[in-house]
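User: Please look closely at one part for me: the layout of strands and helices. I am a first-year student, so keep it brisk.

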Amino acid sequence: THFGFETVPEQDKARRVAGVFSSVASKYDVMNDLMSAGMHRLWKAFTIQIAGVREGERVLDVAGGTADLSLAFAKQAGSSGQVWLTDINHAMLSVGRDRTTDKGFLLPVAQCDAEKLPFPDNHFDLVTVAFGLRNMTHKDQALAEMRRVLKPGGRLLVLEFSKIWRPLSKAYDLYSFKVLPWLGQKVAGDADSYRYLAESIRMHPDQESLKQLMGEAGLSRVEFFNLAAGAVALHRGYKL
Ligand code: SAM
């Protein structure tokens, strides 16, 4: 049902998320452009700029999906660097891998849960998660894992929906709960997945709460940048 997601038991969340992304994978990129009016490209461009990946760096893209960020990082890290594309969902990862190979990049790819990353401690210069944390059942555990695999001095970037500037919130709710499911139905034949999207955005911690969560997970000097009037925020923290 429409607002039922809040009451779904915790253990069902992972299954629901799997269903959503298996269902949307093939339409994911076009829907992103449509739903955000192309703005997700700007948010990612900003993230890439803040990331400032240098030649030779090791980067982990968690919940990397169709590989927008991974691809940009791969170009910057060069042949002496290494960029891992990872995601828990096979369908999303397949689209991402095909895209990277089509563009002439052969990235290491792993299907894995962010809550249990198959990488050693102190390994990466940069870990990113874009529009993925919201979908994770235990965000604290996922953040702790991302911190664990960072080298001391390494940075974590979290790009995610956040809390929009108050005067815009009514219009935004209307958009996300009415227009998005309608668009999802029209374009992808799938209103439910886009209802989940709206619900998961509403449930996600706001800017200050996520900052605090990151601090509790052991990240230092946490700060955030609001994008699109706070509809989206980029958080950055360091492992010191
Ligand atoms: N990062 C890509 C982007 O910005 O376009 C994809 C974002 S997509 C909205 C969210 C992704 O999170 C999906 O591909 C989904 O499979 C993945 N995901 C959800 N739960 C996850 C988990 N526990 N561990 C890793 N990935 C997860």
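Analyst: Helices (H or I, at least four residues) and strands (E, at least two) are DSSP runs, numbered from the N terminus. The model is predicted: local features need pLDDT of at least 70, side-chain atom pairs count only at pLDDT 80 or more, and totals for chains, interfaces and linings use all residues. Residue numbers start from 1 along each chain as its sequence is written.

Start with the sheet. Seven strands build an open sheet with mixed pairing (two strands pair if DSSP finds at least two bridges between them). Read across, the order is β3-β2-β1-β4-β5-β7-β6. The edges are β3 (109–111) and β6 (220–227). Each has a single partner strand, so one side of each lacks a neighbour in the sheet. From one strand to the next, the twist averages 15°.

Now zoom in on one pair. β4 (residues 124–130) runs parallel to β5 (residues 150–161), and six bridges join them. Leu 126 faces Arg 155 of β5.

A helix covers this region. α6 (residues 139–149) lies across β1 (58–62), β4 and β5. Its direction is at about 145° to β5 (axes are lines fitted to C-alpha atoms, for helices over the stretch in contact; angles run from 0 to 180 degrees between N-to-C directions).

Last, two helices pack together. α2 (residues 28–35) meets α7 (residues 169–188) at about 140°, and their axes are 11 Å apart. Met 31, Leu 34 and Met 35 of α2 make the contact (C-beta atoms, placed from the backbone, within 7 Å) with Leu 180, Leu 183, Val 187 and Ala 188 of α7.

Methods: Two residues are in contact if their C-beta atoms, placed from the backbone, lie within 7 Å.
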